[in-house]
Amino acid sequence: MEPPVLSPYQSLMAATPVVHRSVLVADRTTHFWEYGPADAGTAPATVLAVHGFRGDHHGLESIAAHLVSGHPTGVRVIVPDLPGFGVSDPLPTSDLDGYVHWLEGFRTALGLDRDTVVLGHSFGSIVVSAAAAAGLDTRLLVLVNPIAAPALQGPRAVGTGIAIAYYRLGAWLPRPLGLGLLRNRAIVRAMSIAMLKSRRPALRRWVHDQHDRYFSAFANRTSVMEAFRTSVTHDVAQFADRIPVPVLLVAAEHDDITAVPEQRALAERLADAELVVVPGVGHLVHYETPAAAASAVLRRMQTS
């Protein structure tokens, strides 16, 4: 693979301290990255951020760096690789209960409490919302590009059906052919092009390179198939009535996965919610407009 494309946020990333660690959660290793003060005791605030489907911690690095640089007194941002993605061990079964129990165990293993802000992007928004509905307490739940409505209903049903067939075929074919299909660079690039809204050439090259490098870093075909099934059979709305904590929704004007009216409907169902819509961007807020997302989070952290 060619050398990585430089990030548009490279100078900010270079100035952000980061440490790679790992921890055992239910006898399986979770790798995570800490951004911010080298001494965790000096950070008055902590954010635990959960990335989306088929990504890894790299996807939330830009938001983490903007959170660290923008916080007036210092913040620590913890970004794990979800089980079965990046370099973290897979779960025995990659269903929603498994992810919720993992998140609870991860928080406990790191000694995090309700003062820790919990953030989830895309599929991560489903995981953290389900955990909050199951009793995970936090002073603020942040959902970036939340999956606010069912993927198997409405205008997305056809596309979801095609994706289901793709993952089933990838799991059914002999292993080399199945992995080749699931990691096919042309399919990954088509997905990247479809979601990316920015017309800035440098940013587009970097986002495509990020997807090329990290979108196929899954443990095995079973875990990615199970995770995909979990991602399309659940959504944040199904947990809305059971989430008692304050929620900040950072949605996008042109999100092809969940439209703004659905985000507004979700916000109305939550007990304590604020909706921020980032203009001119789609489902890749974490890549295209991390400063806007971080700014909304930092502002809300000051009052929650």
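Is Ala26 buried or exposed? Work it out in Exercise 1.

This is a predicted model, in which local features need pLDDT of at least 70, side-chain atom pairs count only at pLDDT 80 or more, and totals for chains, interfaces and linings use all residues. Residues are numbered from 1 along each chain as its sequence is written, and side-chain values use heavy atoms, with hydrogens and water left out.

**Exercise 1. Two loop residues**

Task: Place Ala26 and Ser122, and state the accessibility and phi of each.

Solution:
- Step 1. Ala26 sits in the loop between β1 (18-25) and β2 (28-35). Strands (E, at least two residues) and helices (H or I, at least four) are DSSP runs, numbered from the N terminus.
- Step 2. Ala26 is exposed, because its relative accessibility is 67%. The cut-offs are under 20% relative accessible area for buried, over 50% for exposed, and partly exposed in between (1.4 Å probe, protein chains only).
- Step 3. Phi of Ala26 is near 55°, a positive value in a residue other than glycine. Most residues other than glycine have a negative phi.
- Step 4. Ser122 belongs to the loop between β5 (117-121) and α4 (123-133). Its relative accessible area is 11%, so Ser122 is buried. Phi of Ser122 is near 55°, again positive in a non-glycine residue.

**Exercise 2. A serine ahead of α1**

Task: Find which backbone atom the side chain of Ser7 reaches.

Solution:
- Step 1. Locate Ser7 in the segment before α1 (10-14).
- Step 2. Ser7 has a relative accessible area of 12%, so Ser7 is buried.
- Step 3. The Ser7 side chain reaches the backbone nitrogen of Tyr9, at 2.9 Å.

**Exercise 3. Helix α2 and its partner α12**

Task: Describe how covered α2 is and how α2 packs on α12.

Solution:
- Step 1. Helix α2 spans residues 61-70 and is mostly covered, with eight of its ten residues buried. Among them are Glu61, Ile63, His66 and Leu67.
- Step 2. α2 packs with helix α12 (residues 290-301) at about 50°, and the axes are 8 Å apart. Axes are lines fitted to C-alpha atoms, for helices over the stretch in contact, and angles run from 0 to 180 degrees between N-to-C directions.
- Step 3. α2 is therefore oblique to α12. Angles under 35 degrees count as roughly parallel, over 145 as roughly antiparallel, 65 to 115 as roughly perpendicular and the rest as oblique.
- Step 4. The crossing of α2 and α12 is right-handed. That term applies if the near helix is turned clockwise from the far one by less than a right angle, and left-handed if anticlockwise.
- Step 5. Ser62, Ile63, His66, Leu67 and Gly70 of α2 meet Pro290, Ala291, Ala293, Ala294, Val297 and Leu298 of α12. Contact means heavy atoms within 4.5 Å.
- Step 6. Sorted by class, the contact of α2 with α12 has eight nonpolar, three polar and no charged residues. Ala, Val, Leu, Ile, Met, Phe, Trp, Tyr, Cys and Pro count as nonpolar, Asp, Glu, Lys and Arg as charged, and the others, Gly among them, as polar.

**Exercise 4. Helices α5 and α6**

Task: Classify the packing of α5 and α6, then list the residues that meet.

Solution:
- Step 1. Helix α5 (residues 157-172) and helix α6 (residues 175-182) pack at about 150°, with axes 7 Å apart.
- Step 2. α5 is therefore roughly antiparallel to α6.
- Step 3. Tyr166, Tyr167, Leu169 and Gly170 in α5 meet Gly178, Leu181 and Leu182 in α6.
- Step 4. This contact has five nonpolar, two polar and no charged residues.

**Exercise 5. Helices α7 and α8, with Arg189**

Task: Characterise the crossing of α7 and α8, then follow Arg189 into the contact.

Solution:
- Step 1. The axes of α7 (residues 185-195) and α8 (residues 201-214) come within 9 Å and cross at roughly 135°. α7 is therefore oblique to α8.
- Step 2. The α7 and α8 crossing is right-handed.
- Step 3. Residues of the contact include Val188, Arg189 and Ser192 of α7, and Val207, His208 and Asp212 of α8. By class, there are four nonpolar, three polar and four charged residues.
- Step 4. Arg189 is partly exposed, because its relative accessible area is 30%.
- Step 5. Leaving aside neighbours within four places in sequence, Arg189 contacts His208 and Asp212.
- Step 6. The side chains of Arg189 and Asp212 are joined by a polar contact of 2.6 Å. A polar contact is a pair of N or O atoms within 3.5 Å; within protein, one must be able to donate a hydrogen and the other to accept it, and residues adjacent in sequence count only if both atoms are side-chain atoms.
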